[in-house]
Amino acid sequence: MEEWVSKGFELGSKQRLSSPREIEVKWLNKWKAAAIFQAEPQKDKPKFFICVPYSYQNGPLHLGHGFTFTRGDVIARFKRMQGYNVLFPWSWHWTGEAVAGTSERLKRGDESVIKMLKEIDGVPEELIPFFQEPAFICSYYTAENRQVVDLMGWSVDWRREFYTTDLHPYYSRFITWQYEVLRRNGYVIKGKHPVVWCPSCQSATGDHDRLSGEGVFPEEFTLVFFDAGDFRLAAATLRPETIFGATNVWINPEAKYVVVRWDGKKVLISDKAYEKLREQKGEISPVEELEGRKLIGAKCRVPLTGAEILILPASFVDPAIGSGVVYSVPAHAPYDYAALRDLWRAPEGLAPYGIDAKAIRAIKPIAIIETPGFGELPAVEVVEKLGIIDQRDEKLGEATKEVYSREFHSGVLKENCGDYKGMRVSEAREAVRQKLINMGEGDTMYDLPEKVVCRSGDECIVKIVEDQWFLNYSRGDWKERVRKIIKEMNIYPEEARQWFLNVVDWLRDWACTRKTGLGTPLPWDRSWIVETLSDSTIYPALYTISKYLNNDPVLQSKVSTEILDYVFLGRGSAEELARKSGIDAGVLRAMRDEFLYWYPVDMRISAKELVPNHLTFYLFHHSAIFDEERWPRGIGVNGMISIEGMKMSKSKGNIIPLKVAVARHGADVTRCTLLLGAEDLDDPDWWEKNAIEIGKDLHNILSLMRESANAPREALDADSWLLSRLQLRIARITRALEKLKTRTACNEVIYGMLNDFRWYMRRNGGRLGSAARVYAETWARLLAPFAPYTAEEGWSILGGEGYVSLAEWPKYRPENIDIQKLLKEEIIRDLRDDIYEIIKVTEKKPSKITLYVAAEWKNRLAALVIDGDGINQRNRGQIIKKAVVEIPERKGEIPTLVPKLADVLRRVQEYSNQICKEIEVESDSKYISALLREERSICMDVAVLLENELGAKTIVIPEEEAREDPMGKARNALPFRPGIYVE
């Protein structure tokens, strides 16, 4: 096996990957040579330990990995620049069935696997025969993907790298230690449990060992026995309390059924159910095979009620779900009502079965549950409301969910339910089930609510395993410890917190071992291998010491449970362990100290698909093994990527490996396209056209930095505005990153800052002032977490010291914000936009534009409106009275003008309030009042702007000096809204 590992590493490394951007190759080599991302404990600096889940090495890293891992790198780079000592390590997941499944399918000559390897993974055809060896697959992809991690600019400390298999002995010893501690603390048990089972692998199949059906668990059905004379029909249900409303039994006439002997009785089930029950019930043997159609028209008796009912045909009955037999409750089950209605509408279809149409029409729904908000017959009500056509209508799933959920949570059994009348549905379910079982009229079986396919390509079933090892996740005190972590830790976004709590509530005991695949043998029962999700829970702890182990093969060989007890739990003494093991006591203390320095993990970032399994298991295991001070402090959860509007999957052939994206666009473009796709739990969507546009934007940013490096030292009019906007951007970007709002932050850095700089240049007629260089230097630092290569190049061009990746994160300085300048520029921008709208309507290029500035008395009136708090419709009457006294010559115009002025001033005040709120100062009307005195200056600035952009002569005339007034433009001028006349 070691030979195959070596061969895989050798051939994977030969697949030379590179970026088309020369600056990316240049800066990657410089980072590597300077080893700037290697992290050592520093007592004088706060630490920040961030990691992402390791990826399975059964294929190339793809855009989905890229999205999650880039988010992790953004936060690692951000915290590093904030002055934290950041550890961002890396490892590779080899264990489990994923890789073994691929190799087995190749051995069987599966053409779809061969096609996938060649067309999606880009494996050279001559190497495909080697992929029949799992160890080769893992090492080949690890070698190739290691290059991708570097190309993407992820700031990894490679000294701590490991891969998860017994081929990397200290990892297996770490897993051995973990399970010995779990067993020592009573968290691993042996028992009889239903598990998702692969008949081919002869093992329990965890979530990450599945091709499809992730997150699907066995569900317990109640089998209700209906006496049909020679045998009983075993109808499977999740709602045994509805037995009182049974009107008939459904059988699929096209399905095959089997009468089996089971616990001394003869029972009818589908042939597919028989295959499942053999794995659950032990002694069960076939007696007779029957076609479904042969059963139609017979009668059977309902347990508990004694009613005699018909067996009828229904195509919606799936012989592969449950027992393949369903009892009908049309008052409360939408599928049952739809199927019964189909028979009412076309009873002639029953003639071949000898069933009279009158017998069908005589079947009426029996109401047994009273639910607030529903009428007598909820299923009938919902089916008709949704316009459901027949029993094959897809909307029946939605209807069923609505009825079942509301009845379970608020339904009460009615008078016709015997001893259970008045009981809540949620309580009656278990009571009726137990009654049926105790009377011999019922039993249980487990089934999967959806199809589950193992990585081997085989369909899974539910098996009751008697000698399986389980993690006792159902243990109450363990759940309480995990709830405590969840309630106290940082979780982003906040809405994911409740999701975690819900998972803890429903999580059951978990089969932690399997028989096949790569992995670590269970230490006390080596016939089992620890399964893939169960061995990937606390491995971040291993990052803290792996650099010691990677550099010392002798140390690797001496790692034991006792050594790891000391390093991670502080049990024993370094001196005693040194005497026993031959390991230097100083090395043992160094490993212990490094663990204590870095642990706990401050932030773990992952896709949301891991919330129901890996991320929750991660919390369970930390709470079981470590003291509270070592429990995780933060988790960030993100969405799942789509490609051009379609969910990404190998079956659709739309997976884009990162190596392909980087070869097309470069790493920075790939990073930013992913980051701008989504944040929080929203799913990002990759569009090639977006990547192309973002490439242009990054090119423009670098060009502007190059121009700014040579900018003159003189100050220009818009400099103060640009530097004020810069402070707002710093604040927004920093706030966003603190909450893991990576899309918001990236959008601000690229689009927000680019738009600000373009406006600045427009206002200056294309010239750059002294503010340009200050802005560009800060821009390079703010860009560094998102597009690190572009940022490094820009920083170098600007003459920045050292690496921008290690530069100080810009500090937000609200005292450097000129609120009045920001307001003035917003008014100029609005006025320019108004003029462009007028030009757009005229559909002609202007030759001359005239701006009429409001008369001085209107400014005085505006000041009265501001001072009298009249902008928000307060004190209007008093303001008008005062204005009539102070401006008597305009008393006839004042009452009409005050409301108009208030509307104009309100727009300015809203922007003023927004700025003040953002910089956390009290809003003050003094800024607007001061701008009234700059009315003419504002219009002159707009005039210069328009002449530069349009080449049209633009003049500014005070209202009082207007010799002519075309279309009353001068007369209607207002402060901040001059009259505009376009010729």
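Helices are DSSP runs of H or I with at least four residues, strands are DSSP runs of E with at least two, and both are numbered from the N terminus. The model shown in these views is predicted, so that local features need pLDDT of at least 70 and side-chain atom pairs count only at pLDDT 80 or more, while totals for chains, interfaces and linings use all residues. Residues are numbered from 1 along each chain as its sequence is written, and side-chain values use heavy atoms, with hydrogens and water left out.

**View 1. An open parallel sheet with helix 3 lying across it.**
In this view, 5 strands form an open sheet in the order 3-1-27-28-22, and their pairing is parallel; two strands pair if DSSP finds at least two bridges between them. Strand 3 (85–87) and strand 22 (490–492) are found at the edges, where each has a single partner strand, so one side of each is left without a neighbour in the sheet. On average, and with direction ignored, neighbouring strands of this sheet are turned by 15° against each other. Angles run from 0 to 180 degrees between N-to-C directions, and the axes are lines fitted to C-alpha atoms, for helices over the stretch in contact, where contact means heavy atoms within 4.5 Å. Strand 1, which covers residues 47–51, is joined to strand 3 by 3 bridges, and the two strands run parallel. One pair to look for is F49 with L87, its bridge partner in strand 3. Helix 3, made of residues 63–81, lies across strand 1, strand 3, strand 27 (603–607) and strand 28 (634–638), and it runs at about 160° to strand 27.

**View 2. Strand 21 and its two antiparallel partners.**
Strand 21, residues 461–471, is mostly covered, with 9 of its 11 residues buried; buried means under 20% relative accessible area, exposed means over 50%, and partly exposed lies in between, calculated with a 1.4 Å probe and protein chains only. Strand 5, residues 188–198, pairs with strand 21 in the antiparallel sense over 9 bridges, and in this pairing V188 stands opposite L471 of strand 21. Strand 21 is also joined by 2 bridges to strand 23 (residues 510–511), and these two strands run antiparallel. The residue L471 appears here again, with W510 as its bridge partner in strand 23.

**View 3. Alternating side chains along strand 33.**
Strand 33, residues 953–958, has side chains that alternate between two faces: those of T954, V956 and P958 point to one face and are buried, whereas those of K953, I955 and I957 point to the other and are not buried. Strand 32 (residues 848–853) pairs with strand 33 in the parallel sense over 6 bridges. Within this pairing, I849 has T954 of strand 33 as its bridge partner, and T954 is also one of the buried residues just named.

**View 4. The surroundings of R481 in helix 14.**
R481 belongs to helix 14, which spans residues 476–488, and the arginine is partly exposed, with a relative accessible area of 30%. If residues up to four places away in sequence are not counted, R481 touches Y187, S623, F626 and W631. For orientation in the whole model, R481 and L127 are 354 residues apart in sequence and 49 Å apart in space, from C-alpha to C-alpha.

**View 5. Two cis peptide bonds that lead into prolines.**
Y492 and P493 are joined by a cis peptide bond, for which omega is about -5°. P493 lies in the loop between strand 22 and helix 15 (496–506), and strand 22 is one of the edge strands of the sheet in View 1. The peptide bond from Y599 to P600 is also cis, with omega near 15°, and P600 is found in the loop that connects helix 21 (585–598) with strand 27.

**View 6. Two glutamates with positive phi.**
E644 has a phi near 50°, which is a positive value in a residue other than glycine. This glutamate lies in the loop between strand 29 (642–643) and strand 30 (646–647), and E644 is partly exposed, with a relative accessible area of 34%. E920 has a phi near 60°, again a positive value in a residue other than glycine. The place of E920 is in the loop between helix 33 (894–918) and helix 34 (926–932), and with 73% relative accessibility E920 counts as exposed.
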